[in-house]
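User: I am new to this structure and would like to be led through parts of it, with the reasoning spelled out at each step.

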Amino acid sequence: MTRTTRLVTLLVAVLLLGAVGAGAVLHAAHRSGMKDEQQADGPTVRAGTVSLRSTGTRRLLVRNLAWGPHRDEIATVAADDPEGPRTSSGVKCLRFHAAAGTGICLQAVHGALEDTYRAVVLDSHLRVRHRFPAAGIPTRARVSPSGHMAAWTVFVSGDSYAGTNFSTRTAIVDTRTWAIDDNLETFRVVKDGRTYHAADTNIWGVTFADDNRFYATLATGGRTYLVRGDVGARTLTTLHGNVECPSLSPDGTRVAYKKRVKGASPDAPWRLYVLNLRTMKETATAESRNLDDQALWADDHTLVYALPGDYGSDLWTVPADGTGTARRLMRSAVAPAYL
Amino acid sequence: MYLADSRRTDARGTQAAVPATVLALGAVSLITDVSSEMVTAVLPLYVVAGLGLSPLGFGLLDGINNGVGALVRLAGGHLADRGGHRHKLVAGLGYGLSALCKPFLLLAHTLPVLSAVLAVDRTGKGLRTAPRDAMISLATEPAHRGRAFGVHRAMDTTGALLGPLAAFAVLRATVDGYDAVFAVSACVATLGVLVLVLFVPRHLDAPTGAVRPSRTPAAQRPPQSLDAVRPPWTPDAVRPPRPPAPPRPPSLRDAVGLLRRPELRRLTACAALLGLTTVSDSFLYLLLQREGDLPAHLFPLLPLGTAAFFLLLAVPLGALADRMSRRRLFLAGHGVLLLGYGLVLSPWHGLPAVVAVLVLHGTFYAATDGVLAAATASVVPARQQGAGQALVGTGQALARFVCSLAFGAAWSLWGGRTALAVTAAGLAVSAVVAAVVLRTGDETTQEVRA
């Protein structure tokens with residue numbers, strides 16, 4: 001081949017590959033344009049005022065995933081009519097949780113070169129009270145029952161070159177003083193009664209008991225543990241193995257969690273279990289599918305969680321005592337919170 | 001004479017251009033890195049936001065990959081030497097394998113499948129690394145190899161820095177268009193393979209007798225078209241009047257026999273010894289962030305800082321290696337790393353200290369990464385460049401992997417600070433040992449020459 005032939009070949013290839021690449025980008029851009037138009041069979045979503053104050057009727061807040069102009073906004077529906085019309089707030093969050101008039105919203109900030117993330121504490125009118133920079137991609141968020149404490153977890157990938165090892169960062173903030181522990185890995189870990197040091201600890205999925213005590217997942221040495229945390233003493237005490245993303249029941253007696261089950265397909269290892277904190281007895285729920293979410297207690301007997309759906313994900317519900325069957329609660333929604 | 005190449009630089013000074021083959025290989029690496037770093041940059045986002053999974057199970061295959069990657073690199077280097085130097089073919093297979101993986105990312109929706117695709121991608125990387133470095137050494141006049149490798153590493157790092165920018169531009173244009181990112185990445189990777197096929201010559205090592213190119217003024221040399229970038233010298237003549245290359249390709253026994261070369265054995269041993277006390281990047285960044293009280297959201301910027309200084313310094317330090325001694329610069333690079341460890345342990349905190357550590361870390365890479373490959377090239381015969389590069393590279397990589405495991409354990413036992421202090425002490429001892437071992441090598445050579 002002569003030099004000219006090579007250059008012409010290269011030019012043709014650049015044009016062809018450029019066309020394929022541009023086609024893929026345009027196709028994806030068109031599809032994202034379609035997501036701004038409402039689906040024919042989708043839920044009704046209207047813009048309106050969303051308050052985090054209790055209004056007498058029980059409400060469910062979610063991140064609305066239904067296509068249309070209000071996609072990704074925090075929306076509210078009547079708790080007893082979850083498939084009914086949604087009122088959308090205009091506030092966009094990747095993850096969200098709220099309690100007692102305080103909201104925690106984990107957002108992406110689209111920069112010129114890169115996305116950055118932040119955790120925003122919202123007041124009862126969804127107005128910003130405080131912003132914290134977040135070190136990576138948001139995954140879990142919780143507010144304590146009193147509304148005084150908020151916690152969030154993000155994924156961090158530090159090693160740039162072909163790094164497939166991810167780690168988590170979990171932060172807890174006191175919304176009365178804005179004192180923040182922005183990495184729970186600095187807490188003292190007490191494992192089997194002794195202080196435990198490890199470089200590979202990861203902590204995620206805080207669920208509050210009150211303004212000082214919480215539960216979370218601690219991972220180290222390839223295993224996961226349920227830990228009880230103490231904000232004042234800055235300690236994490238292991239309680240039980242093979243527990244991820246715990247969620248404490250309103251009466252404080254049980255924890256719903258993801259358990260890695262033996263014999264399950266390795267790409268879908270997690271099932272929804274409930275652990276009795278007094279007896280340490282585990283109960284499998286009737287949900288038999290793989291689940292990758294921090295469940296939410298609708299009341300002392302019912303769990304709500306997200307599973308992949310036609311538009312992002314749907315919310316499902318199952319009894320906490322192992323009876324009954326799983327059923328779909330609402331379509332196109334994620335990150336639920338009851339008010 | 002082969003070890004004296006670093007002292008022959010003065011003949012034509014620094015004016016010799018970097019061979020077209022090296023630029024072509026640099027372009028291939030640049031383009032390929034744009035492609036692979038596009039994927040790396042959005043992968044966590046895709047897993048969490050796109051697939052709704054938590055990526056914690058993702059590193060599962062990492063350990064296996066490290067071991068397999070090392071073996072693949074050795075195999076790639078040896079295969080490239082066999083059958084009359086099939087460097088381009090083996091490298092092309094490696095680049096091609098990684099390019100083929102990109103479309104499969106569009107179909108992988110679970111962590112194990114994603115991990116498997118990435119494992120194949122890294123197999124391709126392992127396969128191509130040694131033949132590529134062999135081609136760079138074979139295409140370059142011995143006296144200028146340091147700079148040639150510097151240029152290659154700088155181009156490679158440029159690609160690594162551009163990749164994430166390209167990925168986020170696509171994401172911005174498409175809103176969550178991860179499939180578009182993967183599609184564009186596949187196109188870019190294909191382009192990289194094509195540039196290799198079109199612009200990297202197949203035969204780099206045709207022995208044409210021991211011509212001393214440094215005595216041939218550039219103007220008198222025949223013009224080289226891209227068709228025939230074929231250096232008119234024997235890159236690594238072990239004995240000056242070298243007989244024609246034997247028709248028999250190097251056997252596996254020959255590859256193992258490389259270890260009988262004292263020079264190569266010393267270099268491999270030193271690279272491995274120093275690798276045993278080189279803390280992995282992620283551990284260093286983690287310590288830097290904690291010791292330096294750096295805000296957590298700045299953490300993702302730390303690798304970019306190292307890469308930027310690596311990029312800036314790779315060429316000048318490569319050229320410097322050609323002037324002084326590659327081994328000495330390789331050792332000096334580890335001295336710079338030691339300074340960096342000292343700075344992390346020192347009471348000096350805050351942003352300027354963090355930037356200083358990143359400067360030192362980037363300088364360490366610029367003074368050691370391409371420089372080691374250039375030093376290796378000098379102690380391996382031309383027909384076994386692939387296996388030689390693989391041997392030293394694998395030795396270093398495995399040693400660093402062992403260091404990671406040990407460092408993790410030490411951190412658990414004693415805490416991060418003490419672990420780093422112990423590693424720093426180990427590095428200081430290793431550097432002294434390596435200095436003695438490598439100097440012995442120089443003396444032996446002089447004796448051989450005398």
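**Strands, helices and backbone angles**

Analyst: In chain A, strand E2 (residues 59–64) and strand E3 (residues 73–78) run antiparallel and are joined by five bridges. One of the pairs can be named residue by residue, since A:Arg59 has A:Ala78 in E3(A) as its bridge partner. The model is predicted, and the values that follow are to be read in that light.

User: In which order do the five strands of the open sheet in chain A lie, and which are the edge strands?

Analyst: The pairing in this open sheet is mixed, and its neighbouring strands are turned against each other by 35° on average when direction is ignored. The five strands follow the order E1-E4-E3-E2-E27 in chain A. A strand at the edge pairs on one side only, and in chain A that description fits strand E1 (45–47) and strand E27 (333–338).

User: Which strand of chain A does strand E13 (residues 188–191) run parallel to, and over how many bridges?

Analyst: A named pair gives a starting point, because strands of a sheet pair through backbone hydrogen bonds, either parallel or antiparallel. A:Arg188 has A:Thr235 as its bridge partner in E18(A). The parallel partner of E13(A) is therefore strand E18 (residues 235–241) of chain A, and the two are joined by three bridges.

User: E13(A) also forms a hairpin with E14(A); which residue in the turn has a positive phi?

Analyst: E13(A) pairs with strand E14 (residues 194–196) of chain A in the antiparallel sense over three bridges, and A:Val190 has A:Thr195 in E14(A) as its bridge partner. Two residues lie between the two strands of the hairpin. In that turn, the residue with a positive phi, about 50°, is A:Asp192.

User: Phi of A:Cys245 and A:Met280 is positive as well; is each of them buried, partly exposed or exposed?

Analyst: Most residues other than glycine have a negative phi, yet A:Cys245 has a positive value of about 50° and A:Met280 one near 60°. A:Cys245 is found in strand E19 (residues 244–248) of chain A, while A:Met280 is found in the loop between strand E21 (270–276) and strand E22 (282–284) of that chain. Since buried means under 20% relative accessible area and exposed over 50%, the 1% of A:Cys245 makes that residue buried, whereas the 28% of A:Met280 makes that residue partly exposed.

User: Turning to chain B, how many helices and how many strands are there, and what share of the residues is buried?

Analyst: The elements of chain B, read from the N terminus on, are α-α-α-α-α-α-α-α-α-α-α-α-α-α. That amounts to 14 helices and zero strands. Of the 450 residues in chain B, the buried share is 59%.

User: How are H3(B) and H4(B) oriented to each other?

Analyst: Helix H3 (residues 87–105) and helix H4 (residues 111–139) of chain B pack with their axes 7 Å apart, at an angle of about 155°. Their contact holds 16 nonpolar, five polar and six charged residues, and H3(B) passes H4(B) in a left-handed crossing. Because angles over 145 degrees count as roughly antiparallel, the orientation of H3(B) to H4(B) is roughly antiparallel.

User: What distance does helix H8 (residues 262–275) of chain B reach from its first C-alpha to its last?

Analyst: The buried residues of H8(B) include B:Leu264, B:Leu267, B:Thr268 and B:Ala271. With 14 residues at 1.5 Å a residue, the expected value is 20 Å. The helix comes close to that, reaching 19 Å.

How values were computed
Residues numbered from 1 in each chain as written. Chains lettered and ligands numbered in written order. Predicted model: local features only at pLDDT ≥ 70, side-chain atom pairs only at ≥ 80, totals over all residues. Heavy atoms only, no water. Helix = DSSP H or I, 4+ residues; strand = E, 2+ residues; numbered from the N terminus. Expected span 1.5 Å × (residues − 1). Buried < 20%, exposed > 50% of the residue type's maximum accessible area, 1.4 Å probe, protein only. Pairing = 2+ DSSP bridges. Axes fitted to C-alpha atoms, helices over the stretch in contact; angles between N-to-C directions. Parallel < 35°, antiparallel > 145°, perpendicular 65-115°, else oblique. Left-handed = near helix turned anticlockwise from the far one by under 90°. Nonpolar A, V, L, I, M, F, W, Y, C, P; charged D, E, K, R; others polar.
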